[in-house]
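Colleague: Mind walking me through this one? I'd like to hear how you justify the labels you put on things.

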Amino acid sequence: MACFGIVLLLLPMAGAHGMDSSAQAEGIPMIEPIDIQKLRITVIYDNFGGNEKLRADWGFSCFIQGLERTILFDTGLDGAIFAQNMEGLKISPKQVDLLVLSHEHGDHIGGLPAFFQMRTNLSVWVPSSFSAPVKAYIRKAGALLEEVADDPRPLCRQAVTLGKMSGGAFWPDEQVLYIATTEGGVVITGCAHPGIVAIVERARALMGPKILLVMGGFHLSPYGEGQIRRIVDDFKRLGVRYAAPCHCSGVLARKCFREAYGPRYIDIGVGTVITGADFKPASP
Ligand SMILES: [Zn+2]
Ligand SMILES: [Zn+2]
């Protein structure tokens with residue numbers, strides 16, 4: 001759907017320096033870091049990876065365990081593939097406590113009807129600018145619709161949505177998931193339409209400068225190698241320790257991040273499970 005114009009987000013930039021991931025500032029939700037060894041993120045839907053059991057297809061979805069509440073982030077494009085991959089990964093819809101939908105594009109919400117056939121009595125968090133028909137559909141299915149405006153909101157003790165960000169003139173608004181861990185923040189994006197660097201900067205400004213991992217769609221397919229390398233440099237400048245681009249990041253961006261990040265590049269696709277074992281302690 002079309003974007004609702006440009007929303008200027010005036011973020012509370014002051015106070016970002018010297019904050020750690022458990023620090024609080026006015027207006028920032030209460031959040032406490034999860035022990036990184038307890039966190040488990042499974043990619044359910046992606047256009048990279050795949051095998052005879054798990055089908056790769058355009059879109060993104062992941063499943064996050066270990067937090068106070070178990071989170072499903074996006075649902076991919078095709079309901080049958082989404083349901084098949086959930087089954088292949090032995091993930092039951094009953095395990096899901098809440099569903100976060102990053103933005104209103106089919107490759108992120110297309111699996112919603114299939115998911116609602118399996119599970120409806122849960123909260124579904126969407127940017128408040130989602131279209132009226134999709135909001136009505138979620139309510140009619142029996143789910144509790146949570147509309148996310150510009151401000152960050154807690155999803156559980158260890159995770160927040162960073163709030164609705166503008167996708168600019170051409171793309172829908174998008175929300176980003178942030179998980180506080182003992183090693184820094186984990187930032188999960190759907191398509192990163194607001195811009196992947198702007199998203200990382202927002203995460204740092206709101207939640208603190210330590211970013212352990214940024215994963216998901218970075219939306220760099222349309223970019224040339226020079227632009228992508230500048231974005232990789234921005235990641236380094238912003239202190240992002242691990243990068244796991246998938247979905248709409250594109251093959252070239254994955255190559256550039258792999259070269260620049262070396263052992264701190266995490267190659268993800270459908271079926272990938274990220275755990276604490278993927279991360280080395282930060283050097284002092
Ligand atoms: Zn997408
Ligand atoms: Zn999109």
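Modeller: Sure, bearing in mind that this is a predicted model. A search of the whole structure turns up 15 salt bridges.

Colleague: What makes Arg-157 and Glu-32 a salt bridge?

Modeller: Their closest N and O atoms are 3.2 Å apart. The cut-off is within 4 Å, so the pair counts. Arg-157 sits in the loop between strand 7 and strand 8, and Glu-32 in the segment before strand 1, 125 residues apart.

Colleague: Why is Arg-157 called partly exposed?

Modeller: Its relative accessibility is 41%. Buried means under 20% and exposed over 50%, so a value in between gets the label partly exposed. Glu-32 gets that label with 39%.

Colleague: Which salt bridge do Glu-68 and Arg-157 form, and how do you know that it counts?

Modeller: The N to O distance there is 3.7 Å, and the limit is 4 Å, so it passes. Glu-68 lies in the loop between strand 2 and strand 3, 89 residues from Arg-157. At 43% relative accessibility, Glu-68 is partly exposed.

Colleague: And Lys-164 with Asp-150: buried or exposed?

Modeller: Lys-164 has 9% relative accessibility, so it counts as buried; the cut-off for that is under 20%. Asp-150, at 27%, is partly exposed. Their side chains meet in a salt bridge at 3.1 Å, N to O. Lys-164 is in the loop between strand 8 and strand 9 and Asp-150 in the loop between strand 6 and strand 7, so the pair ties together parts 14 residues apart in sequence.

Colleague: Which residues are linked in a network of salt bridges?

Modeller: Glu-225, Arg-229, Lys-255 and Glu-259.

Colleague: On to the metal. Why is the site of the zinc ion (ligand 2) called irregular?

Modeller: Its 4 donor atoms make angles of 93 to 164 degrees. Tetrahedral needs all angles between 85 and 135 degrees, so 164 rules that out. The site is classed as irregular. The donors are His-103 (NE2), His-105 (ND1), Cys-191 (SG) and His-193 (NE2), at 2.1 to 2.7 Å.

Colleague: What does Cys-191 bridge?

Modeller: Cys-191 bridges the zinc ion (ligand 2) and the zinc ion (ligand 1), which lie 3.7 Å apart. His-105 lies in the loop between strand 4 and helix 2 and Cys-191 in the loop between strand 10 and helix 5, so the pair ties together parts 86 residues apart in sequence. Both His-105 and Cys-191 are buried.

Colleague: Last one: what makes strand 6 and strand 13 edge strands?

Modeller: Each pairs on one side only. The open sheet of 7 strands runs in the order 6-5-4-3-2-1-13, with mixed pairing.

Methods. Residues are numbered from 1 along each chain as its sequence is written. Chains are lettered from A and ligands numbered from 1 in the order in which they are written. This is a predicted model: local features need pLDDT of at least 70, side-chain atom pairs count only at pLDDT 80 or more; totals for chains, interfaces and linings use all residues. Side-chain values use heavy atoms; hydrogens and water are left out. Two strands pair if DSSP finds at least two bridges between them. Helices (H or I, at least four residues) and strands (E, at least two) are DSSP runs, numbered from the N terminus. Donors are N, O and S atoms within 2.8 Å of the metal (3.2 Å for Na, K and Ca); water is not among the atoms, so sites may look incomplete. Four donors count as tetrahedral if all angles lie between 85 and 135 degrees; four count as square planar and six as octahedral if opposite donors are over 155 degrees apart and all others between 65 and 115; anything else is irregular. Buried means under 20% relative accessible area, exposed over 50%, partly exposed in between (1.4 Å probe, protein chains only).
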